Amino acid sequence: MATDPARVASHAFFPFLRYHQRWTKFTDKGEKGDVKERPIRFASRADSYIFSYYRYLLAQPFEAELKERGLDASVLAYRRVIGPNGRGQCNIHFALEAISSIRALGNCFAIALDISSFFESLDHGLLKQAWSRLLGGARLPADHYKVFRAITEYSVVDRDELFERLGYIGPKYLSKSGEPIKGYLVEKSLIPRRLCTGQEFREKVAGGDGQKSLIKKHRKPYGIPQGSPISDLLANFYLLDFDSAVKRRVDELGGRYFRYSDDILIVVPVDRAVAIDLEAWVRSQIALHGPKLRIKVEKSAIFSYEGNGEDQNWSRVIGEQGKNGLEYLGFRYDGRNMFLRDSTLSGLQRKAAASAKRVALGLLKRYPEKSTDEIIADFNVSAFLQRYGRVEDFESKADDVRNWTFWTYATRAAKITGPLGLPIYRQLRNYRRNMRAHLKRALEKGR
């Protein structure tokens, strides 16, 4: 079906299923972090096959275009980038390359920018033009046009509303005032992968049986659904002209340009005034690529580095990001070493602390007569840490990112970054010690 242009051109796409990722931003101890939310939308199985195949078709001319424009070492996200050893690279390699550029230039400025609401801000008209140019024509073929419409004029069904309509979510508890509180009525693992048939969709979801339709139409002339198999590539080639313009300007200044999705890093051996002007110019350039596309001033930061590259002094010239040094792709650079970003460790520790509470309650019920120290001595802490930390048989799994946990990722990062990343091992020792402390505190508090 996906490889038949005629069938794709006449295919009826389902709405996307939508849910929201929520998390609390890292902040100083004692302060309350802002709650952030990202809408994730995923397609039905048949639609996903079509999106995936057309991503494959577009990826080939996109890679050729990157090479022709000299952007293949600058545009890094959502691509298979092959390193000198002939193997694929990940964000660890990209962060190391960027920081190595700072060290190689010595006296320089690093400009870090973040595109605000990237996927939700892509202009549909400009996306269509970029898509047509990539295929070498003035207009999109009928099948590509159908895929374009499916990804821009899309509809969504809220996951929780759907689960409630299908009977998986409903009144489960009563509040103190007697008001019903909704919850899952079945184990999540028992919810079928195929939520409903086509007929059930028409009757129960689309309003065919007289109930209100759950389908919500995206009617704005901008924005594509983050989470579809093709959205990442579309966002990448949407900015081809922007990438070309910025890289050309940065090359003239003798610097390096890197973009990983919405994260931009520019390293240039210039003076302070030129660096500040360049940051403002980049923000003005992004505005040329859609009325909703912009870089927030508060998300911009400029860092000054001085030294011979082995031992640099740094200072933050403008911005609020990176109070302990430049942060890029999950790492931090303080002029001497690379570290795992502080918020990465903090977020993992919060998750592990919550898990420790649940584990502690179970252990206290199972061993009420034992002391805290006796329980910890008998408890397999290593097995507990594997959920957030190390996995067994690391060497055989480390090359497959699908098997990575935090521990395998962090250990691999320390190995790849070499002497520059030696502090990462110290961060890992602290992490393991803190996990034990979380479990002990949870046991003591549960008594």
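In the predicted model, an open sheet is built from five strands (DSSP runs of E, at least two residues, numbered from the N terminus) in the order 8-9-3-10-11, with antiparallel pairing; two strands count as paired if DSSP finds at least two bridges between them. Strand 8 (256–260) and strand 11 (313–318) each have a single partner strand and stand at the edges, so one side of each lacks a neighbour in the sheet. On average, neighbouring strands of this sheet are turned by 20 degrees against each other, direction ignored. Strand 8 is joined to the antiparallel strand 9 (residues 263–268) by five bridges, and Y260 has D263 of strand 9 as its bridge partner.

The largest nonpolar core (buried Ala, Val, Leu, Ile, Met, Phe, Trp, Tyr and Cys residues joined through side-chain atoms within 4.5 Å; buried means under 20% relative accessible area, 1.4 Å probe, protein chains only) contains 56 residues, of which W131, I230, L234, F237 and I266 touch the most other members. Helix 2 (45–69), where a helix is a DSSP run of H or I of at least four residues, supplies the largest share of this core, seven residues. Apart from neighbours within four places in sequence, W131 is in contact (heavy atoms within 4.5 Å) with residues including L58, H144, F148, I230 and F237. A second, separate core of 38 residues includes A110, V267, L420 and I424.

Residues are numbered from 1 along each chain as its sequence is written, and side-chain values use heavy atoms, with hydrogens and water left out. As the model is predicted, local features need pLDDT of at least 70 and side-chain atom pairs count only at pLDDT 80 or more, whereas totals for chains, interfaces and linings use all residues.

Methods:
Axes are lines fitted to C-alpha atoms, for helices over the stretch in contact, and angles run from 0 to 180 degrees between N-to-C directions. Buried means under 20% relative accessible area, exposed over 50%, partly exposed in between (1.4 Å probe, protein chains only).
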